[in-house]
Protein chains: 2
Amino acid sequence: MDEEKILTPAHEDYVKAIYMLYSRGVEVTNSALANQLKVAPASATNMVKKLSDLGLVTYEPYQSIALTPAGELVALEVLRHHRLLELYLHDKLNLPWEMVHEEAERLEHVLSEALEDAIAAALGNPTVDPHGDPIPTKDGKVESVAGLALSLAELKHPYTIVRVLLQDAERLIYLGAMQLYPNATVTVLKRAPFDGPLLIEVDGEHHALAHDLAECIIVK
Amino acid sequence: MDEEKILTPAHEDYVKAIYMLYSRGVEVTNSALANQLKVAPASATNMVKKLSDLGLVTYEPYQSIALTPAGELVALEVLRHHRLLELYLHDKLNLPWEMVHEEAERLEHVLSEALEDAIAAALGNPTVDPHGDPIPTKDGKVESVAGLALSLAELKHPYTIVRVLLQDAERLIYLGAMQLYPNATVTVLKRAPFDGPLLIEVDGEHHALAHDLAECIIVK
DNA sequence: ACCGCGGAATAGGCATGGCTAAATCTTAAC
DNA sequence: GTTAAGATTTAGCCATGCCTATTCCGCGGT
C-alpha cells in the first residue's frame with residue numbers, strides 16, 4: 001500500500017489545503033478547496049478525484065472530502081517542510097516574518113529528506129514556527145497549541161502571544177509594527193461592544209486592534 | 001524588450017544547459033542539448049524554438065544554437081542561484097559535496113531575489129562554490145578560474161586544487177575519499193604512458209588516479 | 001409532491017513539456 | 001553526381017492541470 005513519491009506540487013498543495021481547512025473546522029467541499037487554492041471549482045473536483053484514486057482522500061460525489069491516514073501523513077510532511085522552512089528563513093537568513101510564508105510555499109515542494117533533516121538539526125529540532133504554528137514531527141505528530149483568542153482575553157490581564165493565525169503579508173506587517181509577535185506580552189485594556197475594536201497595550205504602547213485581527217491572535 | 005519572468009523551470013534548465021555546453025567548448029546542437037538534459041532530440045528542438053521566440057537564443061534549423069545577451073543573463077542568474085545554493089548547503093547545512101549539486105538543481109528554480117540576497121550575504125558574497133566553480137555576480141559577470149588540468153601538471157611539484165569539473169555523486173565521493181577537494185595540495189609523482197593513470201600524493205597518501213579524472217581536476 | 005435555484009460534476013479546450021514515428025535535410029562516400 | 005547514412009525537424013500523441021460552458025443533483029419553498 002505504499003508506492004508514494006509520484007506526487008506533484010499540485011497534489012501536495014491540495015492535500016495541504018484539505019488538511020488546513022479541516023483543522024480549521026471548515027467543511028471540506030470542492031468549492032471550499034477551490035476557493036482556498038484560487039482555482040475554479042471544476043479544477044478542484046478534478047484533482048480531488050485523482051487524489052481519491054491515489055488513496056489520499058475519501059470522496060463521493062456531492063459529499064465532503066476527508067483525508068485518509070496516508071493523505072494525512074502527506075499533509076503533515078508538507079506542513080513540516082513548510083514550517084521548518086519558515087523558521088529557518090526567519091531565524092537563520094533573517095527574512096522578515098511576513099515574507100517567510102510565501103517563500104516556504106515554493107520551497108516546501110523541493111525539499112529532500114536529507115535537507116529537511118539538516119534544517120531541523122540546524123534549528124535544534126524546533127516545535128513551532130515564527131507564527132507559533134506547531135511543526136509536525138517526522139512521524140506525523142502535531143502538538144496542539146493551547147490558548148485562547150485575544151478577542152476573548154480577560155481585561156487588564158497580561159497575556160503572552162503564542163500563535164498568530166495569519167499568512168498574508170500586509171496584515172503581518174501591520175501586526176509586526178505593533179510588536180505583536182509570538183512571545184510578546186499584551187494586555188487588553190478595553191473591549192468595544194458589538195465586536196468592535198480592542199484597546200490593547202503592547203511594549204508600553206497603546207493600540208486599537210480590530211476584532212477580526214484579535215481573533216487571529218492566540219494568547220496564554 | 002523586457003517582459004521576463006514568464007520562464008518556467010524547463011526554460012531555465014535549457015538555457016543553463018546551453019550555457020554549460022558552450023562554455024565547455026562543445027558545439028551546441030539540439031542533440032547535444034537533448035543528450036545533456038536527458039530528453040529526446042525532438043523535445044529539445046521544440047523547446048529551442050520556444051526559447052528563440054522568447055529572444056533568449058538564436059537558432060536556425062540545422063544550425064547550432066547560441067544564447068543572445070538576454071539569454072546569457074538568464075543563464076548566469078540561474079548559475080548564480082545554483083552555485084550559491086551549493087555553497088550554502090555545503091557550508092551552512094553541512095551537506096556533503098556530492099549531494100549539493102542535485103539539491104541545488106531543484107532549489108535554483110524557486111529562489112526569490114530576496115532569498116538569493118540573504119544567502120549571498122550570509123556567505124559573505126563568495127566567489128566560488130564547493131567545486132571551485134565561480135559564482136556569477138548579480139550583474140552577470142563571471143571570473144574565469146585560471147589553472148591547468150592535473151593531467152598536465154609538472155611531476156614532483158606541489159599544486160593546489162582550484163576546481164573540480166564534475167557533478168555526479170559517485171565520482172565526487174571517490175575523489176572526496178582521497179581528500180581531493182579544492183584547496184587541497186596534490187603532487188603528481190608519476191604519469192603512466194598512453195593516457196594511463198597518474199600516481200599522486202595527497203595528504204601524505206599515495207593514490208592511482210585515472211587519466212580522465214585527472215583531466216577534471218584543475219590545479220595551480 | 002413539485003419546482004426552481006445554486007452548488008457540484010461532466011464535457012470539452014488549452015498550454016506546457018514530454019514522447020515516438022515519419023519525413024527531411026546534410027554530408028560524406030562512391 | 002548520386003546516394004545512403006545519420007542527424008534533424010515535423011507531425012501527431014499523451015499526461016498534467018488549469019479553464020469555461022453545460023448539465024445535473026439536491027434541497028428549500030410552496
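1. A quick term to start: a polar contact here is a pair of N or O atoms within 3.5 Å; within protein, one must be able to donate a hydrogen and the other to accept it, and residues adjacent in sequence count only if both atoms are side-chain atoms.

2. Bear in mind that this is a predicted model, where local features need pLDDT of at least 70 and side-chain atom pairs count only at pLDDT 80 or more, while totals for chains, interfaces and linings use all residues. Residues are numbered from 1 along each chain, chains are lettered from A in the order written, and side-chain values use heavy atoms, without hydrogens or water.

3. Have a look at B:R80, which sits in helix α4 (residues 69-91) of chain B (helices are DSSP runs of H or I, at least four residues, numbered from the N terminus). B:R80 counts as buried because its relative accessibility is 9% (buried means under 20% relative accessible area, with a 1.4 Å probe and protein chains only).

4. What does the B:R80 side chain pair with? It makes a polar contact of 2.6 Å with the side chain of B:E116, and one of its polar atoms lies 3.0 Å from the backbone oxygen of B:P136.

5. Now the DNA: 20 residues surround strand D, counted if a heavy atom lies within 4 Å of it. Sugar and phosphate make up 76% of the strand D atoms that come within 4 Å of the protein.

6. Phosphate oxygens of strand D lie 2.5 Å from a side-chain N or O atom of A:S43 and 2.8 Å from one of B:K49. For A:Y62, a polar side-chain atom is 3.3 Å from a sugar or linking oxygen of strand D.

Terms used:
Helix = DSSP H or I, 4+ residues; strand = E, 2+ residues; numbered from the N terminus. Buried < 20%, exposed > 50% of the residue type's maximum accessible area, 1.4 Å probe, protein only.
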